[in-house]
Amino acid sequence: MSATDINGSAKAVRAFPKGFLWGAATAAYQIEGAATADGRGPSIWDTFSHTPGKVRGGDTGDIACDFYNRSAGDLDLIRGLGMAAFRFSISWSRVQPTGSGPINQAGLDFYRRLVDELHARDIAPAITLYHWDLPQALEDAGGWANRATAERFAQFAEIMAEAIGDACGDWMTLNEPQVCANNGYRLGVHAPGHTDDALAAAATHHLLLGHGLAVKRLRSLVPEARIGLALNLNTVRAHDAFSEQTALVLDAEQNRIFRDPILRGHYPDAARPHMLPPVSLVHDGDMELINAPLDFIGVNYYSPFHIRRSDPSQEHTDETPVAGRDDIVMFRPKDLPTTNMGWLVEPDGLYDMLMTVTAELPQGTRLYITENGCAAEDYVDPDGVVNDVERIAFMRGHLDAAWRAIQDGAPLDGYFQWSLLDNFEWAWGYQKRFGLVFTDYGTQRRIPKRSAGLFQHIARTNELPLEWNGDGAKLLVDAI
Ligand code: FCB
């Protein structure tokens with residue numbers, strides 16, 4: 001395949017299907033700031049980030065990218081980048097400060113304005129209802145370990161459907177529920193910071209139930225909406241026969257624990273019992289609700305897991321034990337680079353995951369890549385340029401993998417880059433930069449990185465160029 005590039009010469013490209021949706025993804029707590037403005041109530045992430053020792057450097061989302069006050073400029077940026085879609089989440093405690101009871105009209109108005117401003121710029125909103133920021137009052141009542149939270153979430157979905165349902169095409173109930181349950185309730189490294197297997201197993205079921213109840217309400221209130229959710233999925237690779245069974249366990253606990261109930265109506269057999277909700281929590285009818293048809297599955301893909309047999313008598317500092325075993329470890333194969341999160345870079349992992357999920361999708365269900373991206377050690381150089389070569393390589397590799405999956409039958413309708421802007425990266429605070437656009441936090445100045453130029457070119461042409469001239473990227477960035 002060939003096309004004319006921005007410099008007028010012919011070059012090879014990967015052409016994406018007509019209408020393929022190019023966008024960027026964000027989350028409320030990571031970008032909005034304005035933590036106490038206009039009646040917003042506290043969420044578990046306000047509490048967690050204000051607890052000493054929980055977030056690197058004591059960073060909080062109090063100000064973040066100040067998107068709450070700067071959305072108009074940021075939407076111009078999105079438009080300038082040629083994106084047709086913007087994925088953002090709703091801060092539940094901005095809309096309903098205690099997670100139940102009275103609505104905060106000012107919060108609702110913010111999102112109403114946001115979707116109107118997106119439409120005015122021809123950008124399709126892709127809404128995530130829950131990206132990890134539970135109202136603190138609901139956590140005080142037991143959080144996701146409490147079944148009542150699922151019902152509260154469905155009511156919140158209803159509030160949002162009534163307020164902005166007319167304006168939105170794509171709705172995601174939850175973002176990465178596995179991370180909520182595991183990091184928030186089992187490992188304690190995310191809000192609300194519990195370290196309790198039983199709470200995590202209960203949260204797993206109630207997150208799924210909340211999803212199912214919300215889908216039902218959204219279907220009846222916004223029949224024309226496309227509804228799905230975003231799942232974090234990691235391709236698991238065993239390097240020897242000894243580790244194969246453990247790879248199935250890891251895949252079950254990491255990927256299938258949410259995907260199987262949603263796509264197949266049951267929990268995965270291979271997960272260890274303490275990871276699964278006890279039967280007493282699974283009421284009649286729950287699994288049917290959870291298994292209701294979706295329009296799309298959102299794949300958040302960052303990295304694969306590689307595991308192998310290890311010798312417990314040897315110390316290897318770069319190995320992590322897996323699934324309660326001291327003889328099987330996660331490791332970094334020599335040929336795979338890592339990002340500065342320490343995550344392995346392997347675009348084939350994305351290809352394989354897209355093909356695996358494709359084989360499991362019911363007829364008519366589509367796929368989005370709802371997150372993909374990398375953190376890099378970005379900085380503004382003396383020319384004022386952020387030359388993020390790592391991100392450019394990452395993006396090219398993963399888009400090539402996505403393109404190959406489409407050729408091989410994956411029903412992939414769009415790609416959302418994580419993220420539009422550098423933002424509050426949860427327990428890492430502001431140290432980790434994932435944006436196409438550099439955020440100078442002290443001044444809130446936005447500086448499009450070189451990768452933004454490449455993204456803009458791809459979004460405008462609907463093609464991934466196989467050769468990329470960095471200078472061309474700079475020109476495009478300057479033109480934003
Ligand atoms: C995902 C989250 C997102 C962001 C990226 C780097 O797990 O959904 O908010 O933190 O990782």
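1. Which residues lie nearest the centre of the largest pocket? They are N183, N234, Q254, F305 and W343, and 48 residues line this pocket. The model is predicted: local features need pLDDT of at least 70, side-chain atom pairs count only at pLDDT 80 or more, and totals for chains, interfaces and linings use all residues. Residues are numbered from 1 along each chain as its sequence is written, and side-chain values use heavy atoms, with hydrogens and water left out.

2. The largest pocket has a volume of about 1,300 Å³. A pocket here is an open set of points on a 1 Å grid over the protein atoms alone, with protein on both sides within 12 Å along at least five of seven lines; a cavity is a set of points where a 1.4 Å probe fits but cannot get out; lining residues have an atom within 4 Å of a point. Grid points are joined across faces, edges and corners, and a volume is the space filled by probe spheres set on the points.

3. Four elements give two or more residues to the lining of the largest pocket: helix 8 (177-186), helix 10 (244-264), strand 10 (305-309) and strand 11 (320-321). Helices (H or I, at least four residues) and strands (E, at least two) are DSSP runs, numbered from the N terminus. Helix 8 contributes the largest share, 5 residues. By class, the lining holds 23 nonpolar, 17 polar and 8 charged residues. Nonpolar covers Ala, Val, Leu, Ile, Met, Phe, Trp, Tyr, Cys and Pro; charged covers Asp, Glu, Lys and Arg; the others, Gly among them, are polar.

4. The second largest pocket has a volume of about 190 Å³. It is lined by 13 residues, with T338, T339, V345, C374 and E390 closest to its centre. Helix 13 (residues 389-407) supplies the largest share of this lining, 4 residues. The lining splits into 7 nonpolar, 4 polar and 2 charged residues.

5. The whole structure contains 4 cavities of 30 Å³ or more. The largest cavity encloses about 60 Å³. Its lining includes I44, W45, Y130, W132, W144 and H190. Helix 2 (44-49) and helix 8 each supply at least two lining residues, and helix 8 gives the most, with 4 residues. The lining has 10 nonpolar, 2 polar and no charged residues. Helix 8 thus appears in two linings: it gives the largest share to the largest pocket and the most to the largest cavity.

6. The largest nonpolar core has 134 residues, and W45, I90, L129 and M160 touch the most other members. Such a core is a set of buried Ala, Val, Leu, Ile, Met, Phe, Trp, Tyr and Cys residues joined through side-chain atoms within 4.5 Å. Beyond its neighbours within four places in sequence, I90 is in contact with A28, V95, Y111, I127, T128, L129, D133, F156, M160 and I164. Another core, of 9 residues, lies apart from the largest one; L250, I307, V322 and I328 are among its members. W45 also lines the largest cavity.

7. Q30 lies in helix 1 (residues 28-31). Q30 is buried, with a relative accessible area of 0%. Buried means under 20% relative accessible area, exposed over 50%, and partly exposed in between (1.4 Å probe, protein chains only). Not counting residues up to four places away in sequence, Q30 touches A64, C65, H131, W418, N423, F424, E425 and W426. Contact means heavy atoms within 4.5 Å.

8. The structure holds 35 salt bridges. A salt bridge is a side-chain nitrogen of Lys or Arg within 4 Å of a carboxyl oxygen of Asp or Glu. R70 pairs with D66, with 2.9 Å between the closest N and O atoms. R70 is partly exposed at 34% relative accessibility, whereas D66 is buried at 13%.

9. D295 and R219 also form a salt bridge (2.9 Å, N to O). D295 lies in the loop between helix 11 (286-290) and strand 9 (296-300) and R219 in helix 9 (residues 197-221), so the pair ties together parts 76 residues apart in sequence. D295 is partly exposed at 22% relative accessibility, and R219 is partly exposed at 28%.

10. D422 and R433 meet in a salt bridge at 2.5 Å, N to O. D422 and R433 are both in the loop between strand 14 (412-418) and strand 15 (437-440), so the pair ties together parts 11 residues apart in sequence. D422 and R433 are both buried. Elsewhere, salt bridges with shared partners join D251, R256, R259, D260, R264 and E360 into one network.
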